[in-house]
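Student: I would like to learn how to read the features of a protein model one at a time. Could we start with a pair of side chains in a helix?

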Amino acid sequence: MFRILIVDDEPMIRIGLAKMIEQAGLFECQIKHAEHGEEALSLVKSFRPHFLFTDIRMPVMDGMELCRKLSELKSHVRIVVISGYSDFEYARSCMEYGVKSYLLKPVGRQELGDVLRKLLTAESPSVSLVPVMELNDWAARLERSIWELRYTDVEEQMEAWRCYHSSYALKPEQVPELLRMLFGLIVAKLNEHDGEAFHNVSDINLHDTSEAGFRAFEQSIQSLMLTLKERRSSKRKNPVDEAKAFIEQNLTREISLEEVAEKLGLNASYFSQLFKQATRETFVQYRIRRKMELAKRMLEQPKYRITDISYEVGYADHPHFTKTFKKVTGYTPSEYRNRIGIE
């Protein structure tokens, strides 16, 4: 994952540029902001960005001075200067401080994309030979199989990756670098699931040969899966019990089997079978039954209107609620109330 620092005294420009970088979808990134050069210098030391985008004209410390300071510090951050047309020559003078790219305001998506690809190639030469979007797709597929602990799928995908990467003209020393980036993307995607952070620590050494790099990559993936399995076995209740609890907490909305399976970290098809074996009902049957049982309890209290109960159990379409209630109980909501003496 790349770290990016955007420096500009106008908040809307910082936010807009960050959004454009994320929407470009060229790589996983973490973005931080600074209002002026002095704040940026402090962040460079703590955040250690790979790329820095800076405006020229800013209070406290302008972009020119920031570039000069970074040059004196021998910082390895790759700098892109952003300027208005009137500051163009001023921006070009920053080149003596190691700035390699500049953009004119307003920044266009095409120009920004070109600069991002240039930065990416300079930072990781091997990645330029394997399209970033394809690398991200591989990471997404592997992460999904890892999260669901589908060992056979993981093995097959890693073997397919071995064959896939060989179609690109990578030098042997570039393979470990690419594998480390792929592993980092996988870890970043795993960390999106919950607050339990997986650490981007692998056995891949940049001095490894291609084969040694692959072995280390496979070991690192196995280590991730072992960690995931241990966490679940030490903390998890019965997954069906967890699913039931989640359904109870969300009776007021329409949750899907896929949503619950995702929360549990299980394959949706496997979870569906597991749930039916344990409850003798399908997920949908169980969810509807529990909603209707809640509706019955509310119907037994005169203070609730039937339309309000319909919304309360997740049915915005009142006729659909009435039809479902009758199918489950044999009565319409009004008939049910009449039977228990509530007019």
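Student: What separates Phe 321 and Phe 325 in helix H15 (residues 318-329)?

Tutor: As a general idea, an α-helix has 3.6 residues a turn, so residues three or four places apart point the same way. In this case, Phe 321 and Phe 325 are four residues apart in H15, so that about one helical turn lies between them. Helices here are DSSP runs of H or I with at least four residues, strands are E runs of at least two, and both are numbered from the N terminus. Please keep in mind that this is a predicted model, in which local features need pLDDT of at least 70 and side-chain atom pairs count only at pLDDT 80 or more, whereas totals for chains, interfaces and linings use all residues. Residues are numbered from 1 along each chain as its sequence is written, and side-chain values use heavy atoms, with hydrogens and water left out.

Student: How many aromatic pairs does the structure hold, and why is the pair of Phe 321 and Phe 325 called tilted, stacked or edge-to-face?

Tutor: Rings of Phe, Tyr and Trp (its six-membered ring) pair if their centres lie within 6.5 Å, and planes under 30 degrees apart count as stacked, over 60 as edge-to-face and the rest as tilted. The structure holds nine such pairs. For Phe 321 and Phe 325, the ring centres are 6.0 Å apart and the planes meet at 45°, so the pair is tilted. Phe 321 counts as buried, at 0% relative accessibility, and Phe 325 is likewise buried at 0%; buried means under 20% relative accessible area, exposed over 50%, and partly exposed in between, with a 1.4 Å probe and protein chains only. Elsewhere, one aromatic cluster is formed by Phe 271, Phe 275, Phe 283 and Tyr 286.

Student: Which helices each supply at least two residues of the largest nonpolar core?

Tutor: In soluble globular proteins, nonpolar side chains tend to be buried together. A nonpolar core is a set of buried Ala, Val, Leu, Ile, Met, Phe, Trp, Tyr and Cys residues joined through side-chain atoms within 4.5 Å. The largest one here has 30 residues, and those with the most contacts inside it include Trp 161, Phe 217 and Leu 224. Helices H6 (132-147), H7 (151-165), H8 (174-190) and H9 (210-235) each supply at least two of its residues, and H8 gives the most, with nine. Apart from this core lies another, of 27 residues, among them Leu 266, Leu 294, Leu 299 and Tyr 336.

Student: Where do the buried residues of helix H3 (residues 63-72) fall, seen down its axis?

Tutor: The buried residues of H3 are Gly 63, Met 64, Leu 66, Cys 67 and Leu 70. Seen down the axis, they fall within an arc of 165° (taken from the directions from the helix axis to the C-beta atoms), so they line one face of the helix. Just after H3, Lys 74 takes a positive phi of about 55°.

Student: Is Glu 38 in helix H2 (residues 37-47) buried, exposed or partly exposed, and what is Glu 38 in contact with?

Tutor: Glu 38 lies in H2 and, at 47% relative accessibility, counts as partly exposed. Leaving aside neighbours within four places in sequence, Glu 38 is in contact (heavy atoms within 4.5 Å) with Val 60 and Met 61. Glu 38 and Met 61 are 23 residues apart in sequence, yet their C-alpha atoms are 5.7 Å apart in space.
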